[in-house]
Amino acid sequence: MITLRQVEYKYQEGTPMETEALHKVSLEIRDGEFIGLIGHTGSGKSTLIQHLNGLVRATGGDILYNGESIYREGFSMKELRSRVGLVFQYPEHQLFEVDVFTDVCFGPKNQGLSKEEIEKRAREALSLVGIGENYYKKSPFELSGGEKRRVAIAGVLAMEPEVLILDEPTAGLDPRGRDEILGQLARLHRERGMTVILVSHSMEDVAKYVDRIMVMNHGCLVFDDTPRVVFGHYKELEEMGLAAPQVTYIAHALAEAGFPVRTDVITVEEAEEAILCTLNMDGVGRMEKADGEGR
Amino acid sequence: MMRDITLGQYYPVQSPVHKLDPRTKLFGTLVLIVALFVADNVYCYGAAALFLFGIIAASKVPVGHIVKGLKPVLFLLVFSAAFNLFLTPGEELVHFWIFTITKEGLVRAGMMAVRLTFLVMGTSLLTFTTTPNQLTDGLERSLRFLNVVHVPVHEIAMIMSIALRFIPILVEETDKIMKAQMARGADFETGGLIKKAKAMIPLLVPLFISAFRRASDLALAMEARCYHGGEGRTKMKPLKYRTADRLAYLILLAFPTGVVLLRVLL
């Protein structure tokens, strides 16, 4: 569990360039949650997640990991970083080893594990992201963009963190690569109970996978609730340069046009269900039946 | 951590010095350097101090900020002052063990320290008040006469401005990769020299790759915009002297004349 208490962060404190990146952020991340973190560029998302594993030191406030302040004298940042895994944006830019397997071993090796344990973890992590053995001896620089990204994510997974934070893991990937990565994350969360924090610009992805959304704006945490509640504030989100998923807009448009459909839908599946439900309800169901027979 | 280097980073405030033509400021720096080497008595240094602190006051850059920039050259300063202090022959003042401090040595060490301090302050004032782009523009324009002897002035200036432009990008990139590797448990701080050097590999390999990638992207972008070197190339903001610059040149001529006079007469 990670607890943030009134965390503040200022860039270049005491110079004319001073800017406040985080303003009194308080929140709690409980074990086993799948959280989406959204906010427009420069809203403080990236700064916030770098606080969670101690890469950036808050200029005010306190951060607790399992109830213990990470700024306490003698607290091991290295230990914290192996428990809170952070995958940066474009993580493939951090690959450096001669082959894929050795690169994935880098994290567990730094944890001081035995050779067998290191290799076991690397194998597991690579299979989790769907990289087969035929790739192990390839240079990471020969791979495609999506493969590189998955190898880089495996590099963090191999450390077997309790909390996994990903900064826009799907940026610049094609739809298939995106679905693969997000699907694998959802599986990790489901099967291993890993706490996952996903920073994303795609409202569709967030709506589909996470069970809690945090919204950052100008360094402040403005919303922290379930996706349904957060996307209900779609007008406010728009003012922050964000939006709700497209299906939410469709539902609202339908409702405004006099079609009595639920407007709190956030995924395509929900929207389908809501629309079908309305159709069946007021006898327009015949149309659907006729449509079905026509096929 | 690397962002803390103050030596030479542009200090964005509005001031008459910031607004001067970069050529004027380049010339001014040159004048200060020459004057500091010509100076050999207290009056000359007094004049130089007056000149330097006058400009600092006009530039609105806090003196504390400039002094902070002296930190990286502090070692050099102490080192050269110490050499002068102990190794100048002359009238003996203090003697202990193998060290002798002479009156001449004391004076020379003091002057050396002041000279170096003023030099660094003066040159960093130039970069505090001039953006790298203006600076290379000014250099390119001032050194254009070298074209006659086939020195590719424009190309050199372009290389310089690109190199300067890339410094913050690479610093940021270094910071990012360092953090990414630290998130994977890399340790850049502890251990002996060899362990530390080895720890740099996960940082340097990605950094070089990204530098090459950026360089080739930039080359492509420049070609796509029909860049073909300096010949016939015009500027969007051509350098132009204004009244303030003419006034500044008057001061810049009066100052070294004054220093020379002070040296000859006193």
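This tour goes first to the interface of chain B and chain A, and then to the two domains of chain B, in what is a predicted model.

Begin by selecting chain A and chain B together, where 20 residues of chain B are in contact with 24 residues of chain A. Between them the two chains bury about 2,000 Å², and 63% of that area lies on carbon and sulfur atoms. Next select Lys179(B), Ala183(B) and Arg184(B), which supply 36% of the area that chain B buries against chain A, more than any other three residues.

Keep Arg184(B) on screen and add Asp103(A): their side chains meet in a salt bridge, at 3.0 Å from N to O, and the count between the two chains is one salt bridge. Across this interface there are also four residue pairs in polar contact. Now colour helix 8 (153–183) and helix 10 (201–224) of chain B, each of which supplies at least two residues of the side that touches chain A. By class, that side of chain B has 12 nonpolar, three polar and five charged residues.

Then hide chain A and divide chain B into domain 1 (1–130 + 238–266) and domain 2 (131–235), as the domain assignment gives them. The centres of these domains of chain B, taken over C-alpha atoms, are separated by 29 Å. At their boundary, 13 residues of domain 1 are in contact with 14 residues of domain 2, and the two domains bury about 1,200 Å² between them, 73% of it on carbon and sulfur atoms. The count of salt bridges between these domains is zero, and so is the count of residue pairs in polar contact. Finally, select helix 2 (22–38) and helix 6 (103–129) of chain B, the elements that give two or more residues to the side of domain 1 that touches domain 2.

Terms used:
Residues numbered from 1 in each chain as written. Chains lettered and ligands numbered in written order. Predicted model: local features only at pLDDT ≥ 70, side-chain atom pairs only at ≥ 80, totals over all residues. Heavy atoms only, no water. Contact = heavy atoms within 4.5 Å. Buried area = accessible area lost by both parts, 1.4 Å probe. Salt bridge = Lys/Arg side-chain N within 4 Å of Asp/Glu carboxyl O. Polar contact = N/O pair within 3.5 Å; in protein donor to acceptor, adjacent residues only side chain to side chain. Helix = DSSP H or I, 4+ residues; strand = E, 2+ residues; numbered from the N terminus. Nonpolar A, V, L, I, M, F, W, Y, C, P; charged D, E, K, R; others polar. Domains from an automatic or database assignment.
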